[in-house]
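Welcome! Take a moment to look over the sequence and the model below, and then we can walk through strands, helices and inner spaces together.

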Amino acid sequence: MNRKFDYGNRQYVVGAIAVAIVIIYCFRLLSLQLVSDEYQKNADSNAFLKKTEFPARGVITDRNGKILVYNQSSYDIMVIMNEQKDHIDTLDFCKTVGITKEAYAKRMEDIKDYEKNPSYSRYTQQTFMTQLSERDYSILREKLYKFPGFYIRKRAIRQYNTDVGAHVLGDLGEVSFEDLHEDDYYQGGDYIGKTGVERSYEKELRGEKGVQIMLRDSRGRIKGSYKNGKYDVKPTPGKDIKLSIDENLQALGERLLEGKIGAIVALEPSTGEVLAMVSAPSYNPKSTTGKERGKNISKLSKNVWRPLLNRTIQGQYPPGSTFKTSQGLTFLSEGIINSGTTFPCNGGFRHKGMKVGCHAHSPYLSIVPATATSCNGYFCWGLYNMISNRDKYATKQQAVNIWRDYMVSMGFGYKLGIDLPGEKRGLIPNAEFYDEAFKGHWNGLTIVSISIGQGEVNLTPLQIANLGATIANRGYYIVPHVVKEVKDGEIDPMYYERHYTKAKRSAYDLIVRGMRAAVINGTCSSANTAAYAVCGKTGTAQNRGHDHSIFMGFAPMDNPKIAIAVYVENGGFGATFAVPMASVMMEQYIKGKLSENYENLASTLQHKRIAYDNKNR
């Protein structure tokens, strides 16, 4: 009985195994026919060659229509791994394209590396080498029949029609591993905007790829277009972009900052358009194109003076006395002072052992002359009285947070939202910041230096220029932006919206009067001109070495056309570098050219150099 039982069980087991094998083969056959595209790809690659056609990238112009960035033909070497033959003379190929056999082998390994090239397929074209010169292209084209699996693809690369504006324009480079995973539009070897406008407006500029399907014969030779191009897709060109930048004004700003470290930002107050955005030291954008791009970028990144850093939006500096305008607006709007309020200043602010020095002027000043003479004592007293006012504010924490709210409403402490990558937010402290820093043991005297733009306060040059635009507009700003128009497209609606501050219109009128007085007979007198009414405020920010030279202002006083901030590291007093630079920039934009006197001044400033200690870089 037991033997029969065992024998019967074995029959069932053998039968089950046979059924399982049949089922597995059926599933595999179904997978190959309906799910897997491996054999379909193989068949397609034998019959067709799909050639990617790249669109022309959008052209970039300045606000006056001058072409700044355009396209030029370039050639890439593509390879289909499935068509590679063992008898290829790799030594001949390497000599033809100017590389070593080691470089050839390394590139082939990288192409097959899924981590470096997630879009890899042995049936589709992969980028082997980019940006062949016309000479190399001509030589390779004549010998291409000797290297099966290799093809030449034509595409456009960027060319610059200007030597300035590198930080704004940006550049292109090959897609990174992260780029490939974030957007399936790209394949290994594609180019993408890396910095500047090229990065922030990548989707508008890049266009859409096309494809051309070519028919092969049984030996893999191209016989022409498949069905006369019925299934081809034409590329869609990228959209042209007009910047708000004035190329002439930008070039002048870069001249003025030669041999110096700093930034210049000029805005059109009524629109928020950036007229010039100068970061120094800078570099020629032409150096970031062609086969030498990687080498040049590497040199720039190792430069101790950090020319790749866009100081206009990434430099975070103490604003110095330019910040006093925001303090006066706050004190006036909160009722801490009025137009007739005076404070003592006998050589500075002195109270309970605290002293903040000041230069010589009348011992008692109201807000307008205090702004004109940049009185430290006046604004220190204003902040101290605000933080200490228990009739108006229940606690010091409430007082400082209300102060912070005014600063935030003026565009400080957070990113403004400019249409460029990498913007920094600066620093505006609040009560929590001070409670943590001083363990709760602080008061108006502890933090009084922030009233004159020192201490914990940090702003970007863009934020300082935006302060000038806000005062020029008497209480509002539009988020600064460098793109004026996108052809057949739209810019973000945020770049049309007005942002009103917490300060009162009457407060702005008084501050404007003070800034005008500063130009007529105050700290900015070298900016005065009979041609139009300039309003300004100097700044001299303390530093480990020489002080920083700063100016913020706008012109004309009524119906202003330009607001500007100039920041020169270690430039000394505001009147030494920043004021004359700003006056030259305003003259250029308002008049459209420089008079002989202003041209002489520009030349003098251009050739003045500042000796920097690279230990502090």
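## Strands around E3

Let us begin with one pair of residues: Tyr-70 has Gln-159 of E5 as its bridge partner. The model is a predicted one, in which local features need pLDDT of at least 70 and side-chain atom pairs count only at pLDDT 80 or more, while totals for chains, interfaces and linings use all residues. Residues are numbered from 1 along each chain as its sequence is written, and side-chain values use heavy atoms, with hydrogens and water left out.

Strands (E, at least two residues) and helices (H or I, at least four) are DSSP runs numbered from the N terminus, and two strands pair if DSSP finds at least two bridges between them. E3 and E5 run antiparallel, joined by 11 bridges. E3 also pairs with strand E4 (residues 126–132), again in the antiparallel sense, over four bridges; there, Tyr-75 is matched with Leu-132 of E4.

Strand E2 (residues 60–61) is joined to E3 (residues 67–79) by two bridges, and the two run antiparallel. Ile-60 has Val-69 in E3 as its bridge partner. Five residues lie between the strands of this hairpin, where Gly-65 takes a positive phi near 90°.

## An open sheet with a helix on it

Now find the open sheet of five strands, ordered E12-E11-E22-E21-E20 with antiparallel pairing. Strand E12 (273–280) and strand E20 (535–541) each have a single partner strand at the edges, so one side of each has no neighbour in the sheet. On average, neighbouring strands are turned by 5° against each other, direction ignored; angles run from 0 to 180 degrees between N-to-C directions, and axes are lines fitted to C-alpha atoms, for helices over the stretch in contact.

Seven bridges link E11 (residues 262–268) with E12, and Ile-264 stands opposite Val-278 in E12. Helix H20 (residues 578–591) packs on the sheet, touching E11, E12, E20, E21 and E22, and its direction makes about 150° with that of E22. Contact here means heavy atoms within 4.5 Å.

## Two helices side by side

How do two packed helices get described? By the angle between their axes and the distance between the axes. The axes of helix H3 (residues 90–97) and helix H5 (residues 134–143) come within 9 Å and cross at roughly 155°. H3 and H5 are therefore roughly antiparallel (angles over 145 degrees count as such, under 35 as roughly parallel, 65 to 115 as roughly perpendicular and the rest as oblique).

Asp-92, Phe-93, Thr-96 and Val-97 of H3 meet Ile-139, Leu-140 and Lys-143 of H5. By class, this contact has four nonpolar, one polar and two charged residues. Ala, Val, Leu, Ile, Met, Phe, Trp, Tyr, Cys and Pro count as nonpolar, Asp, Glu, Lys and Arg as charged, and the others, Gly among them, as polar.

## Spaces inside

How many cavities of 30 Å³ or more does the structure hold? There are four. A cavity is a set of points on a 1 Å grid over the protein atoms alone where a 1.4 Å probe fits but cannot get out, and lining residues have an atom within 4 Å of a point. Volume is the space filled by probe spheres set on the points, which are joined across faces, edges and corners.

The largest cavity has about 210 Å³ of space. Of its 16 lining residues, Phe-54, Pro-55, Arg-57, Arg-155 and Tyr-191 are the closest to its centre. E5 gives the largest share of that lining, four residues.

Conventions: 1 Å grid on protein atoms, 1.4 Å probe; cavity = no way out; pocket = protein on both sides within 12 Å on 5 of 7 lines; lining within 4 Å.
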